[in-house]
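Here is a walk through one protein model, written for someone who would rather look at side chains than at summary scores. Keep the viewer open while you read.

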Amino acid sequence: MMRYLQLSLWRASSLTLISAQRSLVTASAKTTTATNNKDKNKKFSKKKAELLLAVKKRDKEKRRTRSDKGFDFQIDNDDHVPVMLGEVLDVFSSLTLSSFVDCTLGAAGHSSAIIQAHPELETYVGMDVDPVAHAKARACIDGLLHSHSSGLNVHTVLRNFKYVKSVLSEVDPNLLDSGVDAILMDLGMSSMQVNNPERGFSVLANGPLDMRMDPQASLKAEDILNTWPDTEVGRILREYGEERNWHLLQKKIVQARLRGGLHSTGDLVDIIRSMSHVTRVGRQGWIKTATRVFQALRIAVNDELGTLEKTLHACFDCLAPRGRLAVISFHSLEDRIVKQTFLKIIETDKGVGDADGEGRERCDLRKIEDETDAKEMWIKSTVHGLNGTILTKRPITPSEEEEKLNRRSRSAKLRVIEKV
């Protein structure tokens, strides 16, 4: 009897153990299945995100009006290579230029090429607010004219492009009456500015927090970071830098003030690098963030966006009939202003009465004339208005070859408007 009871207990415990083991195996299998499903879902989500990114990139590429021009420059790190030079020459190649204005002289790369391409040019005006760039450009153009024995009337002026009208009136009052044939604005920075650490524009080289295009200006990036209200600093990072983590960066800047403030580009970069755990880990992550932050501060220091729209209107007013204004921008904020301002310019009829009378008739005639004219090869699609024609409905972007050889050209966009 006793043996029977022991056997029964042993069987019961065995069954319980087997049942427990089965439960553990079942639970383990369910956990493994859940983990596998979770991993699969992660992989699927990652693949889906990559696919969507590829589709967006493809659609963006389709919408681009990419240039097919060749790129003939040998890149040297110490030289400034004019961006989209072949495309700029194409813009003005069909015009007979008696006068040309370069509002952003830089190292005179564009200007030198245009002077050589248009021997008929009589009056040249170059403007730049940077004295180093102005001196270098003047020497370049003087050397070019000396070697070609040209009789070109050259004026290089150390002035911001917002004063374009007053500069032209000082050079020759008749220029404002007759108008100039071509105007160029290259809104990018030159290599000699970026490569000089003392200017404070470089993310990778330590220097003072300056960022002034005009060394005579009083406001520096250091002043904004250390003395401006924190809400204003945050607005600059958000609006001008389009930085997603602006609020965290704003807090870190305020904390840095309590420790003595920020006084070098290295101090600012250290703060940005400390945020890498909440942005993208790795060198590329913090460099991209730093680039946006430096852009925001540079725009604020030099009031770049505040004067751009007014200058575009002023330049268009200075054009002669059939004159062209070409603008190269390098970030979305600038390009958006150029695009919207061009649309405002051609839709506003200042000299022809109302739009449903003579103005509409003039606009219709303009469309007919343009349709009968031989279309220039670089022009893909246009927008017509009462005062002018936008010759680049979509901006022209650099060729793939130029983007590969000159990385600073990657974000460049060229827009062109022609006056009626």
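What follows covers the cysteines, the aromatic rings, the empty spaces and one loop residue.

Bear in mind that this is a predicted model, and that every value below is computed from it.

**Cysteines**

How many disulfides does a search of the whole structure find? The count is 0. C103 is a good place to see why: its sulfur is 3.8 Å from the closest cysteine sulfur, the one in C315, and that is too far for a bond. The cut-off for a disulfide is a pair of sulfur atoms within 2.5 Å, so a 3.8 Å separation doesn't qualify. Seen from the other side, C315 is in no disulfide either, and its nearest cysteine sulfur is that of C103. As for exposure, C103 counts as buried at 2% relative accessibility, and C315 is buried too, with a relative accessible area of 0%.

**Aromatic rings and charges over them**

Next up, the rings. There are 2 aromatic pairs in the count, and here is how they look side by side.

| Pair | Centre to centre | Angle between planes | Arrangement |
|---|---|---|---|
| F92 and F100 | 5.9 Å | 75° | edge-to-face |
| F100 and Y124 | 6.1 Å | 25° | stacked |

The F100 and Y124 pair links distant parts of the chain: F100 belongs to strand β2 (residues 99–102) and Y124 to strand β3, with their positions 24 residues apart. Taken together, F92, F100 and Y124 form one aromatic cluster. Are its members buried or exposed? F92 and F100 are both buried, and Y124 is buried as well, with a relative accessible area of 0%. For F100 the relative accessibility is likewise given as 0%.

Two charged side chains also sit over rings. R238 has its charged end over the ring of W246, 4.7 Å from the ring's centre. K419 lies over the face of F316, at 5.4 Å from the ring centre.

**Empty spaces**

Now for the gaps between the atoms. The second largest pocket has a volume of about 790 Å³. Its lining takes in 39 residues, and those nearest the pocket's centre are T104, V129, N160, F161 and M213. Which elements give two or more residues to that lining? They are α3 (109–117), β3 (123–128), β5 (180–186), α12 (283–302) and α13 (304–318). By class, the lining of this pocket splits into 17 nonpolar, 11 polar and 11 charged residues.

As for enclosed space, the count comes to 1 cavity of 30 Å³ or more. The largest cavity holds about 50 Å³ of space. Among the residues lining the largest cavity are T65, W378, K380, L391 and R394. Its lining is made up of 4 nonpolar, 3 polar and 3 charged residues.

**A loop residue**

One last stop: where does R244 sit? R244 is in the loop between α9 (230–239) and α10 (246–258). With a relative accessible area of 75%, R244 is exposed; the cut-off for that label is over 50%. The C-alpha atoms of R244 and T289 are separated by 9.2 Å, while the two residues are 45 residues apart along the chain.

Conventions. Residues numbered from 1 in each chain as written. Predicted model: local features only at pLDDT ≥ 70, side-chain atom pairs only at ≥ 80, totals over all residues. Heavy atoms only, no water. Buried < 20%, exposed > 50% of the residue type's maximum accessible area, 1.4 Å probe, protein only. 1 Å grid on protein atoms, 1.4 Å probe; cavity = no way out; pocket = protein on both sides within 12 Å on 5 of 7 lines; lining within 4 Å. Points joined across faces, edges and corners; volume = space filled by probe spheres on them. Helix = DSSP H or I, 4+ residues; strand = E, 2+ residues; numbered from the N terminus. Nonpolar A, V, L, I, M, F, W, Y, C, P; charged D, E, K, R; others polar. Phe/Tyr/Trp six-rings, centres within 6.5 Å; stacked < 30°, edge-to-face > 60°. Lys NZ or Arg CZ within 6 Å of the ring centre and 35° of its normal.
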